[in-house]
Structure formats: structure tokens, C-alpha cells
Amino acid sequence: MSVSTSGKLAELVSRKRVIICVGSGGVGKTTTSAIIALQEAKRGKKVIVLTIDPAKRLANALGLASFTGKAQKVELEMEGELWAMMLDMKACFDEVVVRYAPPESRDEILSNRIYEYFSTSLAGTQEYAASERLYQLYESGEYDLIVLDTPPTTHALDFLEAPNRLGDAVNSRALQWLYKPTVFAGKKGLGVFSMGTTYVVRILSKLTGAQLLEEFSTFLSAFSTLFDGLQERGKAVRDLLSRDESTFIVVSTPDPLTLKEAAFFYEKLGKDQNTVGAFVINRVHDFGIDDEDLRRPIVNISTKLDTQFENPRSVAQKLVDIASKYSTLKKQDFRAMKDLKNNVSGDVPIVYMPYFDRDIHNAEGLERARLELFDKEKRI
Amino acid sequence: MGKTTVASAFALSCAKRGMKTLLMQVNAKDRIGAIFNQDPIGEEMVELGPNLYCVNSTPASAMREYALMTLKIKIIYRAVFENKIVQSFLNAIPGISELVLLGKAYYHAAVEKRGKKRRWDIVVLDAPATGHGIFLLKIPSVVTSIIESGHMFEEAERMKAMLEDPEFTSVNIVTLLEDLPINESKMLSETLQEELNIAVDYIFANKVLSNPFTEEEENTLHRLEDSDTLLDSLFQSARFHGARVASQKKYADILKEKIDCFTIEIPYFFDGADRAEQIEKISKIISTQLNQTGEVE
């Protein structure tokens, strides 16, 4: 089977080992990730797509009942192999604890009530879990390509910074003060702390209750034992992501606010370092009628409809109304995409997908989308 | 989904029905100021119109208000809370931002008074998106399950009681008539009602399209071969529109099946026209639909 690699996006994905799709929520990130994975599997590679979204309809389109925490093989006819896996946050994070915590604090962390509630919702843990799983898959060497669908983040850097931020939170001076009160004993120049740790603790506990402070402190001192491991791993992931075999693809819709966020991702990921390989803009309105045609008398159109409709004039009017609405959307979408182009380096392709009139719910739909994205590549 | 738009329009419709309304944004980049053609809204409360006020609260500002209220003495607050180390410590306690933000909503809704009367008849909270939104509403029960005493425990207990009282609190869910959003909404309403014991009142289906063609016309349109380029592009738009309408209709039915709530449909606005005007229109639609159900007290 011949699969085109002549488009810029096709060329990009054909020479990578790790592709990370980033973008705001609801822009079709999961579907785009699956289509990219499908493209390379069709070209003969062994590919895995790692998603954080249960996206049941997409799983069904791939012939799976649902995405699960275990890698599942997609049974579609293709040259290579396509595997899909969902990120199980809790399990993934527990694994991190088991791996990095010293045996004596392992159980203390896993059974801590704060850990139980917050291991999946602490700032950055979701991103951390995703990058951890990505690295495991990479290290295993089992796949030629890993496509990662990231959690929708409002903060562009969350994904890259997660390992460090988590570390910072545990390591910051303020927290050390709480769980290792001796650190600050006898030191000068710490402002309020010279008044005495007890005083500050008393005021704080008036606000929070002494018990909350205590619980939190126990949690942190246990959690801090993980820290060296987390930091080391964080460095390894960062290193992998900055190598030439990895690339980020920013996914968006043409909505101006969403595109603004996409541009922000691009800026933050480092526009100078070619970290972002391409933009994929989904759901672009690319039809309508020309302004010139809009100004034509309705009768020109209604006469062409005479034989088919009972009330051709009214139908003609409605047709023109609808078409003019979509023309407006088309203009808005392309204006917004051109704005993006002006802010992006010329060698980063901005590829767009037309707005499909129906959902992708089977393998044919997915294949149709793949052809649109790669074979019929449309760029701004 | 258009959560902020719907929250603004809902608040406006409440204000127009004579309720003293406070519209609250939490930890968000202000968008409501722009919607009402005003300057960006910060932590200072501003008047948007008759009966309608808005505030955009950050964890830092809510924390300050809360600490001042609890500690009463400004000088202690300054000495302790304006210290950088203490600040970064507070920032690192998981869930504390959510707790103080929800605490602020609780204060306005249940405590704050003007004379002998409550200051607000209704507080409309533009909550964060699904995952974070659940986390916000869950935080009081998390706190009360971790600790058993202290000031924050008592506050959390009061907030939990407020959230679980259907006479006092209800959640409105904003969704789109598409696959992913309606599944997320179903998950959200289940979590709220079954796990958190919080009532769900209305579903707002945003960006709903309507089809101007009759069924017969629609069928003919699908049968026709395009005879020239102008007709071709006219038909293309009409068919696309028809397919989107049909797809929304299908998901509206699924939504009804999945969530047992009154759905208010908000039309799609094609022209990116004046936002304030749009909000005005949507608020009227909300009032009318609520009137029809006789659900307005």
C-alpha cells in the first residue's frame, strides 16, 4: 500500500520517534493524535497512541470497546501495527511512588489521606504522570513511534515543567520549614521567622486548625523522599523532548481565542528551538459563496430552482442566507489563521482540516480524515 | 462551551427579574468585563447594571479577605501573611485556593448582609471547567474527611451544608450538542448528584442551530445534482448546515435520555456581533424558557 509522505506534515511525522500533541480542551487533540498514529502505522511502523481522554467513540472507530490502561492492538488492515493505551493516572502515580520512595516511606505515602485525594489533582500531577508513562514506553524500545495526547492545560508549560514544579513544591524553603523545622533554627534575616516559628505556626493554625497543618506536614515529609527520583526522571524527560527525534504538534480550532492560546503554546515551547513542528487547525469552515454572488438578484437563483421546488423564491432566499452565514465564518476562520501565520516562523507548517459534517464513528471516517490531513494537505 | 457567556446571561436574567445578583468569576482571566463593554473586572466589586454586580476573585485576594475576617487584626495579617515564605507555603497546600474561593462565594451567599436583610438574592458562580469545577465543589468534603476540628474544618462543614441544600445551591451545566461534551456533562451530573449530593437544576445547550428549510425542501436539496458552480456552493452550505442540525438533534435526544433535567437551548449566533447585545438576547431567551416551565418563583 502506498501512503503519501509528500506533504510537510507527513514528512515531519515520518522522521520522529516521539510526537506530542498539545492544545486547549475540545479542539480534537485525541482524534488528531489517533490520525497521526494511523498514518505512520499504515506506512509500516509499530506505533502506540497514548491518550488521557476516554474518547469512547474514537475507541469504537478503531474497533476497540474502550481505551484501557493496558496497550491494546488495533485490528485494522495495515502494513505496520497500531496500538492504543489510556493513561491511568492513579496507577501511574502509584508506580512512581513504588519506584522512587525508599521502602520505609512507601506505605506511609500510599496510605496517606492527603496523597489519596491529591495524587491525581495536585498541580502538575496529571502532566507528570503523562510524561512518566511516555518515558517508560520510550525506554522499553518496543515502539517505532509514540504519539502522546496531552491533558488540556491552560498553562502552556505545565507539561514540560510538571516534573520540576512538583519538585519545587516539595523542595521550597517554606515547606522545608514546615516539615523540617530545624532547617531555619538559628538563621537570621528571614523576617517573620526570626519572631519564632512557633508564633507563625500559632497564627496559621488559628486559620487552618492545627490538625490540617500537621497532616500536611506528615504528607510532605514522606513525599519529599521521592524527590531525588522525580528530579532525575524529570531531567531525562526534558532531555528526550528537546532531542531531534521528538516534536510538538499544536492542535487548535480556528476560534480566535483558541488560536491565541495556540500561539501562546508556540511561544512558550520555545519558538527558536524548533520544538513545535507543526500546527493542525481542526474544524475550519472552508466553503460559502463569493461576495459578488451574494449581491446578485435572488431571481437569478430562483429561476434555476423552478422545476424542483414549490416555492423557489423562498428556497433561493434561504439558500443565500445560509451560504452568506458560512461565508462569514469562512472569512473569520481564515483571518484568524492568517494572524497566527504572521506570528509563526515560516518553516513551521500550519495545516488545516475542513469542518466535517458528521462525527468520525468508524474506520472509514478515520481513514477519510487521515487522507484529508496528509494526502490532501491544506496549508495556510 | 460558552460557560462564561451563559453564566453572564443567566445572571442578567436574574437581575431583570428583580433579584439582587452577584456574578462571580474565580481565578480566571476576566472576560465578563469585555462582554458588558466595561473595563476588566478585578477583585473590586463593580456594578454592571441595575441589580447586577460582578467580582473576579483570585485565591490571593480571597485568602486576604478570609484571613482578615478571621484574625480581625490587620497588623498580624501583614506580619504573617505578607511574608513571602508564608505565602509560598500557603500556595503549596493542595486545595487551599479552591477552599478560600468557595468560602468567598459562601460568605456572599449566606453571610453578607445589608441592614437586616441578606445583601444578595442570588450568587451566580462561573465555575471552572468540568474537572477543576468538580474539584472546587468537592473540596469541603475532602477537608472534612481529612481533619476533624479547627476553624477551617468548621468553615468546610458549613460550606458542605450549603452545597448539599437544594433550596440553597444548584448547579447549571453548560454543554454543546456534540458527542464529547454531552458525555462529559453526563459524567458531571452523576458525580454531582450521586457522589457530592449537589442538585443539578438546568442544562444549557449552547450554540444550537435551526434549520430554515422544510423537510420536503431538505429532501429535495439532498437529491439535486449541482448544475453550476453558484448552485453548487449554495447547496454545499445548505447540506452542511442540514447535517449539523440533524447531528445536534440526535445529540439533543441522547442528552434527554442521559440526564433527567430541563434543557434550555441557546441559539448559535453566526455574526460575532456586539457581545452585550448577544447577552441581552440570551438572557431574554432564558427568562422566556424558564417562564414556560413555570419554574420561576
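Modeller: Let me start with a term: a residue is called buried if 20 or more other C-beta atoms lie within 10 Å of its own. In this predicted model, 43% of the 380 residues of chain A count as buried.

Colleague: Thanks! And what share of chain B counts as buried?

Modeller: For chain B the share is 40% of 297 residues.

Colleague: Then what makes A:Gly69 partly exposed?

Modeller: A:Gly69 has 14 other C-beta atoms within 10 Å. A residue is buried at 20 or more and exposed at 12 or fewer, with partly exposed in between; 14 falls in that middle range, so A:Gly69 is partly exposed.

Colleague: Where does A:Gly69 lie in chain A?

Modeller: You will find A:Gly69 in the loop that runs between helix H3 (56-61) and strand E3 (72-73) of chain A. Beyond its neighbours within four places in sequence, A:Gly69 is in contact with A:Met86, A:Asp88 and A:Ala91. As for A:Leu259, which is 190 residues away along the chain, its C-alpha atom is separated from that of A:Gly69 by 32 Å.

Colleague: Let's turn to helix pairs. Why is H4(A) called roughly antiparallel to H5(A)?

Modeller: The axes of helix H4 (residues 89-100) and helix H5 (residues 103-110) of chain A cross at roughly 155 degrees and come within 8 Å. Angles over 145 degrees count as roughly antiparallel, so H4(A) and H5(A) earn that description.

Colleague: Which residues meet there?

Modeller: From H4(A) come A:Asp94, A:Val97 and A:Val98, and they meet A:Arg106, A:Ile109 and A:Leu110 of H5(A). By class, this contact has 4 nonpolar, no polar and 2 charged residues.

Colleague: And what makes H2(A) roughly perpendicular to H17(A)?

Modeller: Helix H2 (residues 29-42) and helix H17 (residues 363-375) of chain A pack at about 80 degrees, with axes 10 Å apart. The range from 65 to 115 degrees counts as roughly perpendicular, so the label fits H2(A) and H17(A).

Colleague: Which residues make that contact?

Modeller: H2(A) contributes A:Ala34, A:Ile35, A:Leu38 and A:Gln39, while H17(A) brings A:Leu366, A:Ala369, A:Arg370, A:Leu373 and A:Phe374. Sorted by class, the residues are 7 nonpolar, 1 polar and 1 charged.

Colleague: Which residues have the most contacts inside the largest nonpolar core?

Modeller: Those are A:Val47, A:Val147 and A:Val250, in a core of 156 residues. Leaving aside neighbours within four places in sequence, A:Val147 is in contact with residues including A:Ile19, A:Cys21, A:Ile36, A:Val47 and A:Val49. There is also a second, separate core of 16 residues, among them A:Ile289, A:Leu305, A:Val320 and B:Leu234.

Colleague: How many helices and strands are there in each chain?

Modeller: Chain A has 17 helices and 9 strands, and chain B has 12 helices and 9 strands. The C-alpha atoms of chain B fill a box of roughly 80 × 40 × 40 Å along the principal axes.

Colleague: What share of the contacts joins residues at least 24 apart?

Modeller: In chain B that share is 69%, counting contacts between residues at least 6 apart in sequence. In chain A, residues 24 or more positions apart account for 73% of the contacts with a separation of 6 or more.

Colleague: Finally, what are the confidence scores of the model?

Modeller: The model scores ipTM 0.81 and pTM 0.84. Chain B averages a pLDDT of 87, and 91% of its residues score at least 70. A friendly caution: where pLDDT is low, the predicted coordinates should not be read in detail.

Technical notes: Residues are numbered from 1 along each chain as its sequence is written. Chains are lettered from A and ligands numbered from 1 in the order in which they are written. This is a predicted model: local features need pLDDT of at least 70, side-chain atom pairs count only at pLDDT 80 or more; totals for chains, interfaces and linings use all residues. Helices (H or I, at least four residues) and strands (E, at least two) are DSSP runs, numbered from the N terminus. Two residues are in contact if their C-beta atoms, placed from the backbone, lie within 7 Å. A nonpolar core is a set of buried Ala, Val, Leu, Ile, Met, Phe, Trp, Tyr and Cys residues joined through C-beta atoms within 7 Å. pLDDT is the predictor's confidence in each residue, from 0 to 100. Axes are lines fitted to C-alpha atoms, for helices over the stretch in contact, and angles run from 0 to 180 degrees between N-to-C directions. Angles under 35 degrees count as roughly parallel, over 145 as roughly antiparallel, 65 to 115 as roughly perpendicular and the rest as oblique. Ala, Val, Leu, Ile, Met, Phe, Trp, Tyr, Cys and Pro count as nonpolar, Asp, Glu, Lys and Arg as charged, and the others, Gly among them, as polar.
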